Amino acid sequence: MDMFPALKQAAEAYLKEGPRLLMANGALSEIAAQLQVRCSGHTRLLMADMMELAELYRDVSGHQNLRVRLEKITTDSCRKFHVDCVDLRLLRTYVGPGVQWTGDEGRTVQEAPTGAVVFLKGKHFPGWDDAEKILHRSPPLSKRPVAERVRLLLTIDEANACADAPFDMVA
């Protein structure tokens, strides 16, 4: 699921004209209807990609009702390494640096390339084992050149993900 030039252009157009946060919930048909009314001609390809990834997430996770979130990020949000209170999460950074992860409490940090589709197991994943966890975080933007301090991040979860869940952050 590589990002081709037209998809990159659609993501850049969304950064210029789209809202800071776009959320849609429900079955795939409901999400498609919600996104359709919120996207312009320049961003339709981005919305089509989001729907393709929502379908992939549904097929992999088995969840029929999803939460799709597209967010412009310009701060050091979610900067501590953590594990989410979900079973499975899909992330794709359309613009900017990808999600960072570590398997050794932050001594070694890896970063997903822009456009990579990342699945992360959360604490509610069947058979999840705290001893073998992979921690992740948003990449710190404040340490990057000013022109690189923006991300366009897609997050797909089960519709009720993180409802009333405390975040377990690790320094």
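This dialogue explains how to read several features of one predicted model.

User: What should I know about the numbering and the model before I begin?

Analyst: Residues are numbered from 1 along each chain as its sequence is written, and side-chain values use heavy atoms, with hydrogens and water left out. The model is predicted: local features need pLDDT of at least 70 and side-chain atom pairs count only at pLDDT 80 or more, while totals for chains, interfaces and linings use all residues.

User: Where is R67, and is R67 buried or exposed?

Analyst: Helices (H or I, at least four residues) and strands (E, at least two) are DSSP runs, numbered from the N terminus. R67 lies in strand 2, residues 66-73. A residue is buried under 20% relative accessible area, exposed over 50%, and partly exposed in between, with a 1.4 Å probe and protein chains only. R67 counts as buried because its relative accessibility is 12%.

User: Which residues does R67 touch, leaving out those up to four places away in sequence?

Analyst: Contact means heavy atoms within 4.5 Å. By that rule, and not counting residues up to four places away in sequence, R67 touches M23, A24, N25, R89, T155, I156, D157, E158, A159 and A161.

User: Which side chain is joined to that of R67 by a polar contact?

Analyst: A polar contact is a pair of N or O atoms within 3.5 Å; within protein, one must be able to donate a hydrogen and the other to accept it, and residues adjacent in sequence count only if both atoms are side-chain atoms. The side chain of R67 is joined to that of D157 by such a contact of 2.6 Å. R89, which is among the residues that R67 touches, is found in strand 4. The side chain of R89 has a polar contact of 2.8 Å with that of D84. R89 is buried, because its relative accessible area is 7%.

User: How does T43 sit in the structure?

Analyst: T43 is found in the loop between helix 2 (28-36) and helix 3 (44-61). With a relative accessible area of 3%, T43 is buried. Leaving aside neighbours within four places in sequence, T43 is in contact with A10, A13, Y14 and E17. The C-alpha atoms of T43 and Q9 are 8.4 Å apart in space, and these residues are 34 apart in sequence.

User: How many disulfides does the structure contain?

Analyst: A disulfide is a covalent bond between the sulfur atoms of two cysteines. The search rule is a pair of cysteine sulfur atoms within 2.5 Å, and a search of the whole structure finds zero disulfides. Two cysteines may still be described by their accessibility. C78 counts as partly exposed at 35% relative accessibility, whereas C85 is buried at 13%.

User: Which residues have a positive phi although they are not glycines?

Analyst: C78 has a positive phi of about 50°, and C78 lies in the loop between strand 2 and strand 3 (81-83). E105 has a positive phi of about 60°. E105 lies in the loop between strand 5 (100-102) and strand 6 (110-111), and counts as partly exposed at 44% relative accessibility.

User: How many cavities of 30 Å³ or more are there, and what lines the second largest?

Analyst: On a 1 Å grid over the protein atoms alone, a cavity is a set of points where a 1.4 Å probe fits but cannot get out, and a pocket is an open set with protein on both sides within 12 Å along at least five of seven lines; lining residues have an atom within 4 Å of a point. Grid points are joined across faces, edges and corners, and a volume is the space filled by probe spheres set on the points. The count is two cavities of 30 Å³ or more. The second largest cavity holds about 30 Å³ and is lined by L91, R92, T93, G98, V99, A112, P113, A116 and V118. Strand 4 (residues 88-95) gives the largest share of this lining, three residues.

User: What lines the second largest pocket?

Analyst: The second largest pocket has about 200 Å³ of space, and its lining residues include F119, W128 and I134. F119 is found in strand 7 (residues 117-121) and is partly exposed, with a relative accessible area of 32%.
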